[in-house]
Amino acid sequence: MSNGKADGYSVRACLIASSALVFTVPAMGQEAATAVEADDANVIVVTAQKREQDVQDVPISMTVVGGEQLSDLGIADFTELDRYVPNFYVQTTPGNNAFYIRGIGSTPGNLAFEQTVGLFVDGIYGGHARQFQAPFLDVERIEVLRGPQGALVGKNTSAGAISVISARPTRDFRATLEGSYELELGGARLFGMASGPLSEAVSVRVAGQYEDSDGYIENTQLGGNETKRKSLFGRASVLIDPGNGADLLIRVEGGKVDLTGTAVERFSTPNDPDRKRATGGFPGFMDKDYDNTNNLNASATANIEIGDHVLTAITGYSSYDFDKKVDADFGPAPLFASRFAEKFSQMSQEIRLASPTTGRLEYIVGGYFHINDYDLLGTTLINSGPFNGRSDRAFRQENLAWSAFGSATWNVADTLRLIGSLRYTFDRKTATQTRANSGVVQPSWLATPLAGRRIEREWDPSAAIQWDAGRDAMLYASYGQGSKAGGFIGAQATTTQAQFEIDSEDAETFEVGAKLAPFGRRLRFNIAAYRTDFTNLQVSSFDAVSNSFITSNAGKARSQGVEADFVFQVADGFALNGSLAYLDAKFIDFPGAPCPFTNPTCVPANNNAAGRPLPRSPKWSGTLFADIALPLNGAVDFIANGGVTYRSSAFLEESFNPAAAQDSFAKFDLRLGVRANSKRWEIAVVGKNLTDELTASHAFNTPLAAGIISKFVQPPRTIALQAKFQY
């Protein structure tokens with residue numbers, strides 16, 4: 001298409017570059033996105049600002065990762081991606097996973113809350129992490145945007161946003177079959193894709209993936225390894241493009257993930273973890289922990305040319321249900337167990353109009369609407385000391401949100417641009433919770449019903465100035481605001497009416513940066529410095545008195561630092577890339593914070609965590625990788641890529657207990673293989689965390705076990721054999 005459609009086409013790049021990490025990829029071979037003019041094949045097309053643009057022209061610190069690299073490195077989900085993207089952190093917990101950018105994210109103590117880092121898959125918003133259980137299925141690219149993105153992307157992006165773009169149907173027939181087997185731990189993955197035309201106007205693409213993997217934590221009580229994972233996903237896409245200035249892309253995907261066990265280890269000191277856990281079931285309630293999720297997502301994206309303008313409409317449906325049981329004291333005795341079950345469904349609609357990009361003034365205007373229903377059931381059993389009872393909770397929430405937004409770019413001169421954006425959002429939530437106790441329960445477990453209704457109205461502006469200092473250099477300065485909706489505490493036994501409602505969170509950021517691409521784009525160097533202030537930061541921490549996670553507003557926090565990266569195409573078949581990020585994230589004001597580990601006489605009501613670092617925010621993180629492709633003869637190439645990822649030490653919870661911290665670490669990865677010169681087939685061995693570093697992503701004080709820390713342990717060394725066939 002020649003009109004710069006706002007939903008974006010494929011990356012037509014030989015090189016996927018990022019502001020933190022760069023991977024080498026072959027061209028996708030789809031129709032060129034001519035909204036971006038370029039003299040070479042090294043242009044990376046992104047849609048971070050709802051237009052197709054060269055990533056080097058976007059005034060945002062961002063990372064772009066190609067789908068082929070996810071497959072090559074065996075990156076199955078965000079929990080494996082985070083260490084390759086500086087200042088991006090995924091907190092894996094027994095409840096939900098949580099995303100953090102620049103040290104800020106939604107702690108997962110309250111399942112009902114939306115994420116602070118917004119997730120978008122093919123333009124569909126996912127406020128709950130479980131909405132998209134297969135975000136890396138047949139992916140074209142992933143865009144990680146750092147900093148508040150409220151003006152153009154939307155609410156609930158006060159720390160940043162992640163956009164996943166699935167591969168589109170192609171005009172020529174192609175097929176892929178990939179398989180891998182894990183040699184160290186056991187387990188296999190199989191992926192298949194076929195794409196091609198049904199007629200001159202209709203193309204289809206189908207993709208499916210099956211995974212059956214073993215765990216890496218030995219359960220010394222019940223036997224076997226945890227967490228075992230079985231998943232099955234499929235997606236079908238239909239593109240209708242008769243070539244008359246209008247097209248329609250329909251996607252439907254669904255699947256399931258079944259997990260057995262939990263990778264949580266309980267230990268007393270930081271020196272004795274050995275990837276073993278002594279945990280048992282709860283008689284009459286559970287055997288091993290499990291976590292089962294089913295989801296269904298669908299979208300329809302239409303583009304219609306109206307003169308020189310393009311009207312885009314994205315209709316989305318998203319739903320999931322999950323059932324989870326967990327031995328909540330993580331020990332061998334049946335003391336404390338919980339079960340959670342969620343049901344969620346959402347309908348959404350976005351409509352926007354994009355002007356042509358040939359005039360002095362460019363603009364996008366639009367509106368967004370969604371409505372969703374959320375149900376959460378919770379059951380907790382206790383069998384400790386004088387307590388032998390049960391708590392049952394039922395939480396329901398209805399949410400309606402709509403917004404109007406616009407963005408304008410004034411091309412003051414050929415080398416100078418001014419950009420302004422603004423979004424207004426209306427958000428309404430109503431929630432109810434019923435509770436019932438039976439037997440003898442802890443005094444903090446309440447049986448009173450809860451109810452609430454809240455309405456929010458937010459304005460999120462942003463502004464930027466860009467200057468092309470030369471043909472290969474762009475400098476920018478930007479200001480932006482972002483907001484995250486408030487809400488209600490879902491299905492907790494200890495919540496009072498005063499604690500039931502949480503206020504919204506707001507962010508304000510300043511950023512300056514440079515994006516350089518000299519030597520015919522063989523070298524790319526990007527750097528950004530930023531400062532973001534958050535008010536009413538939403539945090540969750542474990543309360544030892546009530547043996548539950550308490551979510552509240554923390555007052556103020558500040559995140560500031562510098563991010564830099566480079567990629568250097570040294571020669572044909574040889575590239576280097578690396579990144580380095582410095583992060584200074586701390587609380588500015590946090591009255592009522594959990595007491596620090598070093599102060600046993602502290603009372604939370606009189607405590608303030610001002611000046612303390614934000615958990616899960618290492619000061620330093622970085623990567624250094626090399627990619628090599630050398631011909632062995634006229635038919636076969638040798639391929640290798642590998643390198644190191646690094647993170648400095650960080651606390652993993654809000655009491656700053658050194659036993660619940662993660663020391664600095666470096667992890668080494670290496671991929672070696674051979675492939676046909678035509679790239680029809682490829683065989684490789686992939687090793688990750690080759691030095692077998694023992695690390696954790698989450699830690700907390702163990703319920704009913706004062707002084708004992710539990711950690712969510714990350715995978716050990718893995719070595720997998722991969723095979724790929726393409727037509």
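This report describes the overall form, the strand pairing and some backbone details of a predicted protein model.

## Overall form

The protein has 727 residues, and its secondary structure comes to three helices and 46 strands. For a chain of this length, a compact globule would have a radius of gyration near 27 Å; the protein has 25 Å, so the value agrees with that of a compact globule. Along the principal axes, the C-alpha atoms fill a box of roughly 75 × 55 × 45 Å.

Of the 727 residues, 58% count as buried. The accessible surface comes to about 26,700 Å², and carbon and sulfur atoms account for 59% of that area. Among the contacts with a sequence separation of 6 or more, 68% are between residues 24 or more positions apart. The protein carries 66 positive and 80 negative charges, and the mean positions of these two sets are 1 Å apart.

## Strands S25, S26 and S27

Strand S25 covers residues 361-384 and strand S26 covers residues 387-413. The two run antiparallel and are joined by 24 bridges. Within this pairing, Glu362 stands opposite Thr409 in S26. S25 and S26 form a hairpin with two residues between the strands, where Gly385 takes a positive phi near 60 degrees.

S26 also pairs with strand S27, which covers residues 416-440. This pairing is again antiparallel, with 25 bridges. One of the facing pairs is Arg393 and Arg435, the latter in S27. S26 and S27 likewise form a hairpin, with two residues between them.

## Strands S44 and S45

Strand S44, residues 696-701, pairs with S45 in the antiparallel sense over five bridges. In this pairing, Ala696 stands opposite Val713 in S45. Strand S45 itself spans residues 709-713, and five of its five residues are buried.

In a regular strand the side chains alternate between the two faces of the sheet. For S45, one side holds Ile709, Lys711 and Val713, and the other holds Ser710 and Phe712. Both faces of S45 are covered, since these residues are all buried, meaning under 20% relative accessible area. The buried set on the first of these sides thus includes a lysine, Lys711.

## The sheet S6-S7-S8

Three strands form an open sheet in the order S6-S7-S8, with antiparallel pairing. Its edge strands are S6 (88-91) and S8 (104-105), each of which pairs on one side only. Strand S7, residues 98-101, is joined to S8 by two bridges in the antiparallel sense. The bridge partner of Tyr100 is Gly105 in S8.

## Backbone details

Most residues other than glycine have a negative phi, and most peptide bonds are trans. Arg102 and Arg521 depart from the first pattern: phi is positive in Arg102 and in Arg521. The table lists the two residues.

| Residue | Phi | Loop between | Relative accessibility |
|---|---|---|---|
| Arg102 | near 55 degrees | S7 and S8 | 2% |
| Arg521 | near 70 degrees | S32 (505-516) and S33 (523-535) | 18% |

Buried means under 20% relative accessible area, so Arg102 at 2% counts as buried. Arg521 is also buried, because its relative accessible area of 18% is under that cut-off. The loop that holds Arg102 links back to the open sheet described above, as it lies between S7 and S8.

The peptide bond from Glu226 to Thr227 is cis, with omega near 0 degrees. Thr227 is found in the loop between strand S17 (225-226) and strand S18 (228-240).

## Asn633

Asn633 lies in the loop between strand S38 (620-631) and strand S39 (636-647). Its relative accessibility is 44%, so Asn633 counts as partly exposed, a class that runs between the 20% and 50% cut-offs. Asn633 and Tyr216 are 417 residues apart in sequence, and their C-alpha atoms are 40 Å apart in space.

Terms used
Residues numbered from 1 in each chain as written. Heavy atoms only, no water. Helix = DSSP H or I, 4+ residues; strand = E, 2+ residues; numbered from the N terminus. Rg over C-alpha atoms; globule rule 2.2 N^0.38 Å. Buried < 20%, exposed > 50% of the residue type's maximum accessible area, 1.4 Å probe, protein only. Contact = heavy atoms within 4.5 Å. Areas by Shrake-Rupley, 256 points an atom, 1.4 Å probe, with all protein chains shown as cover. Lys, Arg positive; Asp, Glu negative; His and termini not counted. Charge placed at Lys NZ, Arg CZ, Asp CG, Glu CD. Pairing = 2+ DSSP bridges.
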